[in-house]
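Visitor: I'm new to this structure. Please pick one chain, give me a close look at how it is put together, and then show me how it connects with what lies around it.

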Amino acid sequence: MPKRTDISSILVIGAGPIIIGQACEFDYSGTQAIKALKEDGYRVILVNSNPATIMTDPEFADATYVEPITPEIVAKIIAKEKPDAVLPTMGGQTALNCALKLEEMGVLAEHGVEMIGARADAIDKAENRQRFREAMDKIGLESARSGVAHTLAEAYEVLERTGLPSIIRPSFTLGGTGGGVAYNKAEFERIVKNGLDASPTTEVLIEESLLGWKEYEMEVVRDRNDNAIIICAIENVDPMGVHTGDSITVAPALTLTDKEYQIMRTASIEVLREIGVETGGSNVQFAVNPKDGRLIVIEMNPRVSRSSALASKATGFPIARVAAKLAVGYTLDEITNEITGATPASFEPTIDYVVTKIPRFAFEKFKGAEPTLSTAMKSVGEVMAIGRNFKESMQKALRGLETGLDGFNRVTELEGKSRDIITAALSKATPDRILNIAQAFREGFTVEEVQAITFYDPWFLRHIEEIVYEESMIGSEGLPNSADELRRLKAMGFSDRRLATLAVRSVGVAGGLAETQAKRSGLLHDALRAMAGATSEDEVRKLRQKLGVLPVYKRIDSCAAEFEAITPYMYSTYEAPSFGEPENEAWPSDREKVVILGGGPNRIGQGIEFDYCCVHACFALSEAGYETIMVNCNPETVSTDYDTSDRLYFEPLTAEDVLEILRVEHSKGKLKGVIVQFGGQTPLKLAGALEKAGIPILGTSPDAIDLAEDRERFAKLVNKLKLKQPDNGIAYSEDEALAVAHRIGYPVLLRPSYVLGGRAMEIVDGDAQLINYINTAVEVSGDSPVLVDQYLRDAVECDVDALCDGEQVVIAGVMQHIEEAGVHSGDSACSLPPYSLPQDIIDEMERQAVALATALKVRGLMNIQFAVKDGEVYLIEVNPRASRTVPFVAKASGSQIAKIAARVMAGEKLADLPKIRRDLDYVAVKEAVFPFARFPGSDPVLTPEMKSTGEVMGIDRDFATAYTKSQIAEGSVLPKSGTVFVSVKDSDKAAITASVQQLVDAGFQIIATGGTAQYLSEQGLPVERVNKVAEGRPHIVDKISDGEVALVFNTTEGWQSHKDSQSIRASALEMKVPYYTTAAASAAAAQAIVSVNADELEVRSLQDYYG
Amino acid sequence: MAFLASSRAQPQDATGVLVLADGTIVWGRGFGATGSAVGEVCFNTAMTGYQEVMTDPSYAAQIVTFTFPHIGNVGANTEDVESRVEGAVGCIVREDVTRQSNFRSEGEFVEWMANMGKIGLSGVDTRALTRRIRLSGAPNAVIAHDPKGRFDLDALLQRAQEWPGLEGMDLAQRVSREHQEDWEGGYWRLGQGYGAAEREGKPHVVAIDYGSKDNIFRNLVKAGARVTVVPARTSLEDILALKPDGVFLSNGPGDPAATGEYAVPVIKALLDQDMPIFGICLGHQMLGLAAGARTAKMHQGHRGANHPVRRVGESWGETQDLVEITSMNHGFAIDPDSLPEGVEQTHVSLFDGSNCGIAITGKRAFGVQYHPEASPGPQDSFYLFEKFVGMLG
């Protein structure tokens, strides 16, 4: 059955901002889907509020709407574009929920829009717990004992059947938000209440606990002919009880016999049939009792998901692309498997390697939140690694995580500890449990003991135990001196760096002396090396090279070598020389090539924006005629799609792994150079090692990047250019820090000298707070000083993005932040062009940007942050590399700045490349999106430490409208009436008055705490005083909790008032009341409320804006 | 692509070796039975079901290269066995076999291999070997295991070179049952194992055993038949004496042309009597030969559990063009160009267009090249057993 010709235009709904549980895997799926539909000549209309996505690039869809994904707004797009069909299965839960709502509202029927990919009834059947359970009963599949509750009383009735511990899952929420495991009645009640709140249908499912059971996921694809195939079986290493998104997983399933596997396979297909998923990809989750194989269906997602992205990358089978084709009528046998180019998509991929996924967490960002894992997802990213065996795959994944691990690093907190302490550590599901397990083996635990505590399958545990055993052998014997022995170790996935660390231990010199000597040179060092075999990563590499122990590259071909693969999608492994030389399938070409290093696993501060830049580098350099080679290890991304680059290496971004790839690519053709400036900090950190190895680095020199990051070198440059920086100093002790702070004057901004995403930054207002910071937040010593900066309170912060080819500088965009300086730039809303800055200030910032770019000899992109206070421009920071703002500027201005930058880096001149659009007759506002709701106990306040996971863009003819859209897109529903709670610090009182007046005029009631209430009434505003929490009840939190407050303006000064007001923000967050924690954002919100009627918002495509 | 012949110099820990007839020597670590065995080296891409593969008589005189690196994870049990006769003589795996972890396991795979007299070789770049088979065909070889690592390479090479190969070899006789057997076993269910076959009042299928997998009989029972299994060389008279309602032709090893010499006349006679017939794999090829088609050795056989097969022809009605994911294990196939008038192609491989099923026009006789009984592999094709049993009586 060929494609449908009765439809010609299709609306694709995206997933919106990156949030926990819904990350850039939906950019990957949406981008694939749009490409697949365009290939077949359909007109594609896209809605997605996330400007950092590849799919919203204007050249992908025919009409791209960067608009909020709400049913109301999407209805307007439908009315305007009149698509024949809507494809809701590519944009995660956001798109499904939106489509269901549109169906319910009658919008689809009214405009004659057909839902393709999944019917509304199938979606409902899959997502409605009760209906799903009935469906499973009907086909004879067992579900966990459970019941649905809409009230607490109903919940207690269900509890009688399930018993404790029980699992609570809210209906229709993302990544299980609001769910959890309850071990006692108090916990049960709390989680049920949260779950009922979180569920849009006020419904929770309460289930018998399957804690400790094995967990599996099956990725299934089905077409309209009822052909169904399994793409991949994923086995969770973490047993049931930890959300699959937070679990370490492997592919394929490793501990099932064929009989058990086939039961699961047949069951998964039957689930799709019964639910009625006629076309497309779905994922079905199972729990298996390890004692008797009893199989229980957990849930199914009738759409592409995070695990379909993982399964696609793990097998080479492009699930989203295929699902899109199936949605428009093709059958599986009509679609070609592009990896082989010769076989159809109607087969089941088989693999000859092991894939491991490890999630990455960000608990350190959310002080107060407990770092334990449960059924609600909390991870912010993931790494995938491929090896020829479990050990290699696992150890590659550990080092690819970039959390400082080289493998199974020792857990020093557990070293030599009592069995009770270790048992307690093992019993907790934490992000580091796998490391604790390895440590337990070092401390003498047996596999059986660890299994009894963790419920990990013994098969996995034995491999970890074997790794620990090998480590102990190296730790006592040093490194082997034979090729076979060293290869044997490398084939287990040991990194050179880990081997060096272990080898140094073998020398047995007490008290870290060996470690110290290992870093030096001279006779002692040579003796040490002679004993250990090698003492550093470099020496291990040299030893390997001397012995000829080198990795080879194998292809991911979806068929275990049964057919020839035409797509160069590769991973490294250490292979036995079974046929003379170990077989290497890299087969580098003789073309001129550029290697682009990606950003690794997503984390807060480094996410999709950098992947966007890397993908654009690939596209641009490919257009310029180079062969593009991508290296990355993040399975969620577009960059790791096999058709983004000419060649793809799915490898950890460590010096060892990257240098080995470059060795192979260098062996043939011409290596033009490596791009390290597009993937965030990850590739930048490798610049030194690459330069040392003589690898050309394209674009701005790493030295210039270092200059911009080195305070002393940078200060010299700033002085030379006669620019102004906030006053600052460096302190190596508490006393020095106090001295610097006194010299500069409070408030000051404190941070450790090495910073990523504003980690551990804090603004302090006095000595006590400074001392507390020094003692709790950082380790200050001779090696790691703390940096002290003058904090420009209430300054306006700006971002400027510029391009430079070494001669000419072009400004790409100037963004004015809404939140004042001091809030991390990644967490601030911002407006392009600036919405309230005088032209002379903008000109001055642009002048400084040009001066800096020229002085730094930038070749490519540069981002500068300025603070403007009292008409004065202060230089905050310069990053001569791609920054987080690049995709926003590109989307707002309609200029492909990342592509232009990539071509400049390859040697072209700006004069020869497309011009940047600066003269905009509209405004774009970026707003950040936060995961506070996932971290109970954390304070949802904005600080210099970045906490947002994603961003949205609102675009319209004026600032207020664009800002309103950004708020809707972010999920805040700005009220039209009701009560506003105002509590602001003294310095904000004057600033907030006008906004409060506006809201009063618009009919809002105002309540405020003592000081603010008094000030506002003195200004003649009607205001009712309300108790602070410490002033007795009923107080403000009671009012918020009772739903009496529609909007919160709450700014704080100083440490104490900040702590006092935490419960206000927490209750606002819980009650989903929009809250603003800065005066500037409060003013923007007030302006938006009074001047914009959300019902009258208009929608307009980017293509139309760009003209 | 040229392969470097590997070194005759024996690595220190090598306790196993594979010597190909072209002189290539592949060192590794031996496991399972000791000694040596000769056969054709093939590969199988299934990720589960190694025990079933090793006990499938179709693999007689073959050494199976498992493309999935971890084999042995789930140990060995007495249920996941497809025959009590000779199956594959050995296997080659990438990783050393680990200890088992599975609730159904009754022992370690390594010990099971030893008990079954099968030789294993680990530590081999099985992907390189698989690519070699794909590019230059399945080689003849000797696999050897000696815990002390003593090998007479010249003797092993000579044995590999002198082995005549599968072409022209009638292995069915070697692995077929010696005596007639009333099949008693039923279908496997989790937690209950194999049930007992209900024999009363069921249509009677006489199954000719050319090297059959037990799961075929279990599937026939599940579809509602009573099964009597007879040896490969059972005469037409003896078959008819059992008063069959239908005759089943099993899978089996070796060259169909060789087995066909005695099997085809019997099948022809059954066809003439309008006996309902269902053939699987070698049995399918026998049916094809009996109907006048030819078989040929494939350059690279099909061995895996992920092979797509499309139903072709009008006779399928609504389910025409439906794709089944199938388990396959064959190195010979019916040449679709040789199908005479009256023989319809019913299934084709979507991987290479090779024949995967035929039906004889006007008769109740059909066959498939793949393994609808699965074990290992997907269970998409059970309908064929139902179809056959539905034709009886």
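Guide: Let's start with how chain B is wired: of its contacts between residues at least 6 apart in sequence, 76% join residues at least 24 apart. Here a contact means two residues whose C-beta atoms, placed from the backbone, lie within 7 Å. Keep in mind that this is a predicted model, where local features need pLDDT of at least 70 and side-chain atom pairs count only at pLDDT 80 or more, while totals for chains, interfaces and linings use all residues. Residues are numbered from 1 along each chain as its sequence is written, and chains are lettered from A and ligands numbered from 1 in the order in which they are written.

Now for the overall form of chain B. Its C-alpha atoms fill a box of roughly 65 × 45 × 40 Å along the principal axes. The radius of gyration of chain B is 21 Å, and this agrees with a compact globule of 393 residues, which would have a value near 21 Å. That radius is taken over C-alpha atoms, and the globule rule is 2.2 Å times the number of residues to the power 0.38. Of the 393 residues in chain B, 60% are buried. Buried means 20 or more other C-beta atoms within 10 Å of the residue's own, exposed means 12 or fewer, and partly exposed is in between, with C-beta atoms placed from the backbone.

What is chain B built from? There are 10 helices and 19 strands; both are DSSP runs numbered from the N terminus, helices being H or I of at least four residues and strands E of at least two. Chain B is assigned two stretches, domain 1 (16–162) and domain 2 (172–391), with bounds that come from an automatic or database domain assignment. Their C-alpha centres lie 27 Å apart. Where they meet, domain 1 of chain B gives 24 residues and domain 2 of chain B gives 27. On the domain 1 side, β3 (35–44), α1 (50–54) and α3 of chain B each supply at least two residues, with β3(B) giving the largest share, 3 residues. Sorted by class, that domain 1 side has 11 nonpolar, 7 polar and 6 charged residues. Ala, Val, Leu, Ile, Met, Phe, Trp, Tyr, Cys and Pro count as nonpolar, Asp, Glu, Lys and Arg as charged, and the others, Gly among them, as polar.

One residue of chain B is worth a pause: B:C281. Although not a glycine, B:C281 has a positive phi of about 60°. You'll find B:C281 in the loop between β14 (277–280) and α9 (282–290) of chain B. B:C281 is also buried, with 31 other C-beta atoms within 10 Å.

Next, the neighbour. In all, 56 residues of chain B are in contact with 52 residues of chain A. On the chain B side, α3 (126–136), β15 (295–311) and β16 (323–334) each give two or more residues. α3(B) supplies the largest share of that side, 6 residues. So α3(B) turns up twice: it touches chain A, and it also helps make the domain 1 side facing domain 2 of chain B. By class, the side of chain B that touches chain A has 24 nonpolar, 20 polar and 12 charged residues.

Let's step across into chain A for a few sights. A:A561 also has a positive phi, about 75°, without being a glycine. A:A561 sits in the loop between β17 (552–555) and β18 (569–573) of chain A, and it is buried, with 25 other C-beta atoms within 10 Å.

Chain A has cis peptide bonds to show you as well. One runs from A:Y746 to A:P747, with omega near -5°, and A:P747 lies in the loop between α28 (734–744) and β24 (748–752) of chain A. Another runs from A:L832 to A:P833, also with omega near -5°; look for A:P833 in the loop between β29 (830–832) and α30 (839–855) of chain A.

Last stop: A:A1094, in the loop between α39 (1079–1091) and α40 (1102–1106) of chain A. With 19 C-beta neighbours inside 10 Å, A:A1094 counts as partly exposed. Leaving aside residues up to four places away in sequence, A:A1094 touches A:T964 and A:I968. A:A1094 and A:L974 are 120 residues apart in sequence, yet their C-alpha atoms are 8.8 Å apart in space.
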